[in-house]
Amino acid sequence: MPERLIRTFGPGRVNLIGEHTDYNGGLALPFAIDLGVTVEAEPLRGGEIRAAARDLGESDAFAPVAPARANGWRAFVRGTVAELRAAGVEIGGARLAIAGDLPQGSGLSSSAALETALCLALLAVADAPEPDRVDLAKLCSRVENDWVGAETGLLDQLAALCCEPGHALRIDFATLALEPVPLDLGGWRLVTLESGAEHRHAAGGYNERRAECRAASEALGVEHLSAADSTAAAGLPEPLRRRARHVLSENARVDAMVAALRTGDLRAAGELLDASHASLRDDYDASVPEVEAAVERLKRAGAAGARMVGGGFGGSVLGLLPPEAPVPAAARAVAPGPPARRL
Ligand code: GLA
């Protein structure tokens with residue numbers, strides 16, 4: 001048994017509602033799930049980082065001072081080391097072993113699961129105190145933006161680091177105010193179903209949507225789209241008009257969902273999921289045929305509502321099933337679990 005074996009876990013997340021709002025200064029309502037990424041770490045003499053991705057049978061070795069760029073999972077490890085060092089954490093030699101049970105490209109944020117598990121493991125190896133979790137989320141987001149090349153927002157990292165068991169987390173991205181919202185579903189269940197189309201941020205339409213939202217904000221003279229006036233936004237040229245309409249209506253649906261959960265109106269919650277999906281498909285153009293088929297399957301199985309989760313263009317679909325509806329084959333029940341942690 002090695003002298004100091006550290007184990008950390010970073011969860012995946014399901015975003016109940018509030019999609020493509022994070023980089024628009026809007027609202028979202030994610031929860032952390034029990035699937036995720038586990039990192040085993042131990043200090044290593046000699047100053048080198050040696051990392052192994054167990055599920056892929058691949059490895060990497062590099063010096064923590066100014067690591068060179070790399071692709072795929074190696075970009076996450078090198079980026080996390082570099083960003084922690086830039087934040088003043090003394091990272092020395094370490095052996096890291098990464099394993100996970102969250103399918104990559106499923107839209108349940110295997111990226112943030114990996115970033116947060118790596119961060120907590122490297123901090124523990126360095127014997128460094130854990131920084132504020134919102135700051136840590138920003139650090140993980142820099143890894144994704146600057147090292148992996150995906151221009152994602154803060155949703156996934158805040159969900160992985162700041163959610164509470166049994167709760168969804170209402171996030172206001174304009175202020176970064178966080179509010180846990182109890183997710184009491186009675187006998188109802190939330191399930192995810194993979195569409196079979198792999199969702200890929202860097203290669204998908206994600207960065208294009210971000211650019212469109214930036215263009216819309218500039219045209220309206222607002223800092224971010226959530227601050228736009230809906231009448232002014234209705235005068236934008238296409239497709240910017242529809243992009244803005246999605247963001248503004250999605251923000252309103254987040255608060256309607258919080259209200260529905262507080263009063264236990266799960267039929268209304270289901271309708272909000274359907275409305276979110278329609279908006280992502282018709283106004284945000286973020287759907288693909290496989291996702292539509294997966295939504296249809298959940299609806300036929302009796303879901304009160306279903307929608308794509310995460311960045312879209314593939315990935316998983318979320319459905320809300322009433323107590324009498326059995327979980328359909330290949331779907332998986334998901335519940336709000338604890339955030340990233342040392343095991
Ligand atoms: C991906 C990104 C998030 C967020 C969602 C869409 O999951 O990583 O930052 O933008 O898409 O809501």
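This is a short talk about two sheets, two buried residues and a ligand site in one protein structure.

Okay, hi everyone. Before we start, keep in mind that this is a predicted model.

Let's begin with the sheet made of four strands. The sheet is open, and its strands run in the order 10-11-9-12 with antiparallel pairing. If you're new to this, strands of a sheet pair through backbone hydrogen bonds, and they can do that in a parallel or an antiparallel way. At the edges you'll find strand 10, residues 305-308, and strand 12, residues 332-334, and each of those pairs on one side only. On average, neighbouring strands here are turned by 30° against each other, ignoring direction.

Now zoom in on one pair. Strand 9, residues 189-194, and strand 11, residues 316-321, are joined by six bridges in the antiparallel sense. To find your place on screen, look for Leu190, because its opposite number in strand 11 is Leu320. There's also a helix on this sheet: helix 8, residues 266-282, packs there and touches strand 10 and strand 11. The direction of helix 8 makes about 35° with that of strand 10.

While we're in strand 11, let's stop at Ser316. Is Ser316 buried or exposed? Its relative accessible area is 1%, so Ser316 counts as buried. And what does its side chain do in there? A polar atom of the Ser316 side chain lies 2.7 Å from the backbone oxygen of Ser106. Leaving out neighbours within four places in sequence, Ser316 is in contact with several residues, among them Ser106, Leu108, Leu193 and Met308.

Right, on to the other sheet. This one has three strands, in the order 2-7-8, again an open sheet with antiparallel pairing. Why does one side of strand 2 and of strand 8 have no neighbour in the sheet? Strand 2 (27-28) and strand 8 (177-182) are at the edges with a single partner strand each, so one side of each stays without a neighbour. Strand 2 and strand 7, residues 167-172, pair over two bridges in the antiparallel sense. One of the residues to click on is Leu27, whose bridge partner in strand 7 is Asp172. Helix 4, residues 155-162, packs on this sheet and touches strand 2, strand 7 and strand 8. Its direction makes about 135° with that of strand 7.

Next, Val254, which sits in helix 7, residues 240-263. Val254 has 0% relative accessibility, so we call it buried. What does Val254 touch, if we skip residues up to four places away in sequence? The answer is Ile17, Gly18, Leu27, Ala28 and Leu29. We've just met Leu27 as the bridge partner of Asp172. Here's another one to try on screen: Val254 and Arg170 are 84 residues apart in sequence, but their C-alpha atoms are 8.1 Å apart in space.

Last stop, the ligand. It is surrounded by 13 residues, and the closest are Glu19, His20, Asp22, Asp156 and Tyr206. Which polar atoms come up to its oxygen atoms? From the side chain of Glu19, an N or O atom is 2.8 Å from a ligand oxygen. For the side chain of Asp22, that distance is 2.5 Å. Gly311 takes part through its backbone, where an N or O atom lies 3.2 Å from an oxygen of the ligand. And how much of the ligand is covered? Taken alone, the ligand exposes 310 Å², and the protein buries 99% of that.

That's my tour, thanks for listening!

How values were computed
Residues numbered from 1 in each chain as written. Predicted model: local features only at pLDDT ≥ 70, side-chain atom pairs only at ≥ 80, totals over all residues. Heavy atoms only, no water. Axes fitted to C-alpha atoms, helices over the stretch in contact; angles between N-to-C directions. Contact = heavy atoms within 4.5 Å. Buried < 20%, exposed > 50% of the residue type's maximum accessible area, 1.4 Å probe, protein only. Near = heavy atom within 4 Å. Polar contact = N/O pair within 3.5 Å; in protein donor to acceptor, adjacent residues only side chain to side chain. Areas by Shrake-Rupley, 256 points an atom, 1.4 Å probe, with all protein chains shown as cover.
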